[in-house]
Amino acid sequence: MSGFSAHDHAHMARALQLAERGAFTARPNPMVGCVIADGRRVLGEGWHERAGEPHAEAMALRAAGGRAAGATAYVTLEPCAHHGRTPPCADALVAAGVTRVVAACRDPFHQVAGQGFAKLEAAGVAVEFGLMEAAARHLNRGFFSRIERGRPWVRVKLGMSLDGRTALEDGTSKWITSEASRADVMRWRARSGAIMTGIGTVLADDPRLTVRLESGETFIPPLRVVLDERGRLPAGAGLLTDGAAPTVAVHGEDMVPDYGDEVDAFAVRRTGAGLDLGAVLAQLGQRGVNELQVEAGATLSGALVAAGLVDELLLYVAPVLLGERGRPLLAGVTPASMAGRLGLRLLDTRQIGPDLRLLLAP
């Protein structure tokens with residue numbers, strides 16, 4: 001926006017960098033970064049690392065100390081105004097003597113939603129917002145999705161050959177993509193609140209759906225979700241026995257499977273094509289899931305796409321050919337004409353080892 005200076009842009013860009021440090025640990029809270037500055041001089045920095053621990057503003061104020069009086073606070077999200085597990089950040093900024101707050105965007109959470117700005121303005125603090133708002137919303141697209149739409153941001157991860165196949169005719173798919181791509185997927189898993197798959201994938205591959213980071217970075221293990229319409233999840237499945245992360249099974253509301261103590265479960269209604277996927281997402285939103293990564297076969301992935309419930313496609317394309325008998329990328333997506341084809345926007349492309357990674361949005 002034209003009303004902001006070059007220094008404002010630089011400090012907010014830094015605040016966004018800081019916020020992203022909480023990508024693996026802040027959930028279900030949003031990622032937030034804060035810079036306290038006087039002109040071009042940075043006085044303190046902070047970011048929100050984990051729910052229940054100090055917010056970004058508190059960390060930056062602690063670093064700035066008494067120098068915060070008369071300074072400007074740059075924060076990627078509206079400062080909170082309510083007592084949760086930590087005190088209100090708006091009050092802390094006022095008490096520190098900050099005279100100006102520049103925020104990237106409003107917080108849609110009902111206990112904030114403009115009240116943080118109102119508290120600051122009532123105390124005589126100048127408030128401006130909207131600086132780099134698109135970038136801030138993109139960073140926290142999962143949080144905004146959960147609060148504003150009542151469901152997680154849905155990312156479907158798929159690996160395929162150059163000819164659009166995800167497995168051989170017999171279902172063999174290990175490994176189409178490279179070790180480098182599989183390591184890259186782990187970072188996407190680490191930022192996800194949950195990883196979802198279908199019972200068909202569990203029965204065929206017995207996946208663990210865990211996070212294994214070579215970097216040794218701290219992360220919160222994402223919830224593992226299995227769509228198990230008819231209660232077929234075997235007691236010996238790795239998802240239930242490895243103890244690496246909690247697992248939730250979703251089944252039809254007309255049955256009560258006995259999963260034992262190792263798994264949580266909830267029911268949703270059936271539709272003609274299986275479970276009500278919209279209801280599944282709503283339930284996960286209520287459980288605090290911001291970003292949902294789907295790692296499943298063509299049936300579930302295709303059903304989500306066909307239902308218009310996919311926000312991003314994370315596609316790894318390997319330089320191999322599997323032939324015409326290989327299994328397709330998506331099932332059930334069958335446009336009758338070119339006019340009805342599914343259009344995608346290419347958001348990002350990069351080479352990961354020998355593979356090409358595409359991030360796309362419908």
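Q: Buried means under 20% relative accessible area, exposed over 50%, partly exposed in between (1.4 Å probe, protein chains only). Which residues of helix 11 (residues 298–306) are buried?
A: This is a predicted model: local features need pLDDT of at least 70, side-chain atom pairs 80 or more, while totals for chains, interfaces and linings use all residues. Residues are numbered from 1 along each chain, and side-chain values use heavy atoms, without hydrogens or water. Helices (H or I, at least four residues) and strands (E, at least two) are DSSP runs, numbered from the N terminus. In helix 11, the buried residues are A298, L300, S301, G302, L304 and V305.

Q: Which elements do the buried residues of helix 11 pack against?
A: Start from the buried residues of helix 11, such as L300 and L304. Look for contact (heavy atoms within 4.5 Å). One partner is a helix, namely helix 10 (277–286). The others are strand 6 (153–160), strand 8 (194–198), strand 9 (223–227), strand 14 (291–294) and strand 16 (327–328).

Q: Which residue with a positive phi follows helix 11?
A: Helix 11 covers residues 298–306. Past it along the chain, look for a phi near 75°. The residue is G308.

Q: Where is L342 found?
A: Look between two strands of the chain. They are strand 16 and strand 17. L342 sits in the loop between strand 16 and strand 17.

Q: Is L342 buried, partly exposed or exposed?
A: Use the relative accessible area of L342. That value is 42%, so L342 is partly exposed.

Q: How many Å separate the C-alpha atoms of L342 and A306?
A: Along the chain, L342 and A306 are 36 residues apart. In space, the gap between their C-alpha atoms is 9.3 Å.

Q: Which domains make up the chain?
A: The bounds come from an automatic or database domain assignment. They divide the chain into domain 1 (6–141) and domain 2 (151–361).

Q: How many residues of domain 2 are in contact with domain 1?
A: The centres of the two domains, taken over C-alpha atoms, are 34 Å apart. Yet domain 1 and domain 2 do touch. Domain 1 brings eleven residues to the contact, and domain 2 brings 18.

Q: Which residues touch the most other members of the largest nonpolar core?
A: A nonpolar core is a set of buried Ala, Val, Leu, Ile, Met, Phe, Trp, Tyr and Cys residues joined through side-chain atoms within 4.5 Å. This one holds 47 residues. The ones that touch the most other members are M12, I36, L93, V98, V101 and L120.

Q: Which element gives the largest share of this core?
A: Domain 1 and domain 2 each supply at least three residues of the core. Its largest share, five residues, comes from one element. That element is helix 1 (residues 6–19).

Q: Which residues does M12 contact, leaving aside its neighbours within four places in sequence?
A: M12 is one of the core members that touch the most others. Set its sequence neighbours aside. What remains is Y74, V75, T76, V102, A103, A104, L131 and M132.

Q: How many residues are in the other core?
A: Another core lies apart from the largest one. Its members include V154, A194, L292 and L309. Its size is 33 residues.

Q: Where does the largest cavity lie?
A: A cavity is a set of points on a 1 Å grid over the protein atoms alone where a 1.4 Å probe fits but cannot get out; lining residues have an atom within 4 Å of a point. Of 16 lining residues, R27, N29, M31, N290 and E291 lie nearest the centre of the largest cavity. Helix 6 (residues 141–149) gives the largest share of the lining, three residues. Both domains give residues to this lining, so the largest cavity lies between domain 1 and domain 2.

Conventions. 1 Å grid on protein atoms, 1.4 Å probe; cavity = no way out; pocket = protein on both sides within 12 Å on 5 of 7 lines; lining within 4 Å.
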